[in-house]
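Welcome, and thanks for taking a look at this one with us. Here is a short briefing to read alongside the structure.

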Amino acid sequence: MRDVSGEEETGHLFFGSLDMRLMRNCPCPVWLVAPRPVVSFERVLVAIDPLPADENEQRLNRRIVDLAASLADWERGTLYVVSAWQVHGETLLVSKMSENVFREHVDGIAASGRSNLWDALKTLPKRPSERNVRFRNGNPADVIKEYA
């Protein structure tokens with residue numbers, strides 16, 4: 001389209017002829033929004049802290065899981081949950097404890113973390129399958145990246 005000065009109008013590049021007619025003829029301001037391509041998520045990954053320090057962190061874990069589950073449900077996708085933990089001061093503890101005592105300590109941390117993880121998931125109306133839930137010992141940044 002060209003205006004009276006012979007310059008090309010840029011409006012027609014963004015709007016169709018019906019849009020342009022509506023803008024010209026409507027007696028009130030018109031706000032037109034171009035549709036965006038729809039992006040859907042087939043998989044939603046959520047990472048939560050398996051060893052929350054207090055009740056606030058436990059509530060945060062549940063809230064994060066609820067939001068991720070809602071997104072997965074909305075998108076008709078699959079929810080994946082990953083939770084990573086590590087023994088803080090492991091090198092020092094290994095040198096100060098017997099192997100059995102250290103193993104018992106690690107097993108206690110793992111049991112507590114696993115329990116907290118499933119606790120965060122128990123309120124979901126539709127729980128993710130066990131094969132979509134990972135609970136790993138290691139640096140959380142590395143574990144999450146590897147799982148993603």
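Which residues have the most contacts inside the largest nonpolar core? In this predicted model, they are Leu-79, Val-81, Trp-85, Leu-117 and Leu-121, in a core of 21 residues. The elements giving two or more residues to this core are strand 1, helix 3, strand 2, helix 5 and strand 3. Helix 5 supplies the largest share, with seven residues.

**The core and helix 5**

- As general background, nonpolar side chains in soluble globular proteins tend to be buried together.
- Helix 5 covers residues 99–121, and its 23 residues should span 33 Å at 1.5 Å a residue. The C-alpha atoms at its ends are 33 Å apart, so the expected and modelled spans agree.
- The buried residues of helix 5 are Phe-102, Val-106, Ile-109, Ala-110, Gly-113, Asn-116, Leu-117, Ala-120 and Leu-121.
- Several elements help to cover these buried residues, including helix 3 (55–74), strand 2 (78–85), helix 4 (90–96) and strand 3 (133–137).
- Leu-117 is a good residue to click on: leaving aside neighbours within four places in sequence, Leu-117 is in contact with Ile-48, Val-81, Ser-83, Val-133, Arg-134 and Phe-135. One of these partners, Val-81, is also listed with Leu-117 among the core residues with the most contacts.

**A buried asparagine in a loop**

- Asn-132 sits in the loop between helix 5 and strand 3.
- Is Asn-132 buried or exposed? Asn-132 has a relative accessibility of 8%, so it counts as buried.
- Not counting residues up to four places away in sequence, Asn-132 touches Thr-78, Leu-79, Tyr-80, Val-81 and Tyr-147. Leu-79 and Val-81 will be familiar from the core described above.

**Salt bridges**

- How many salt bridges does a search of the whole structure find? The search finds four.
- In general, side chains of opposite charge can pair when their charged atoms come close.
- Lys-122 and Asp-119 form one salt bridge, with their closest N and O atoms 2.8 Å apart. Asp-119 counts as partly exposed, at 28% relative accessibility.
- Shared partners join Glu-55, Arg-59 and Arg-62 into one salt-bridge network. Within that group, the side chains of Arg-62 and Glu-55 meet at 2.9 Å, N to O.
- Both of those side chains belong to partly exposed residues: Arg-62 has a relative accessible area of 21%, and Glu-55 has 38%.
- Asp-107 forms a salt bridge with Arg-103, and their closest N and O atoms are 3.9 Å apart. The two residues are four apart in helix 5, so about one helical turn separates them.
- Asp-107 is partly exposed, with a relative accessible area of 42%, and Arg-103 is partly exposed as well, with 44%.

**A nonpolar patch on the surface**

- Which residues form a nonpolar patch on the surface? They are Val-39, Phe-41, Leu-71 and Trp-74, which together have about 470 Å² of accessible area.
- Val-39 lies in the loop between helix 2 (17–25) and strand 1 (43–47).
- With 58% relative accessibility, Val-39 passes the 50% cut-off, so this residue counts as exposed.

Terms used:
Residues numbered from 1 in each chain as written. Predicted model: local features only at pLDDT ≥ 70, side-chain atom pairs only at ≥ 80, totals over all residues. Heavy atoms only, no water. Patch = residues over 30% accessible without salt bridge, like charges linked within 9 Å, V, L, I, M, F, W, Y side chains within 5 Å. Areas by Shrake-Rupley, 256 points an atom, 1.4 Å probe, with all protein chains shown as cover. Buried < 20%, exposed > 50% of the residue type's maximum accessible area, 1.4 Å probe, protein only. Expected span 1.5 Å × (residues − 1). Contact = heavy atoms within 4.5 Å. Core = buried A, V, L, I, M, F, W, Y, C linked by side-chain atoms within 4.5 Å.
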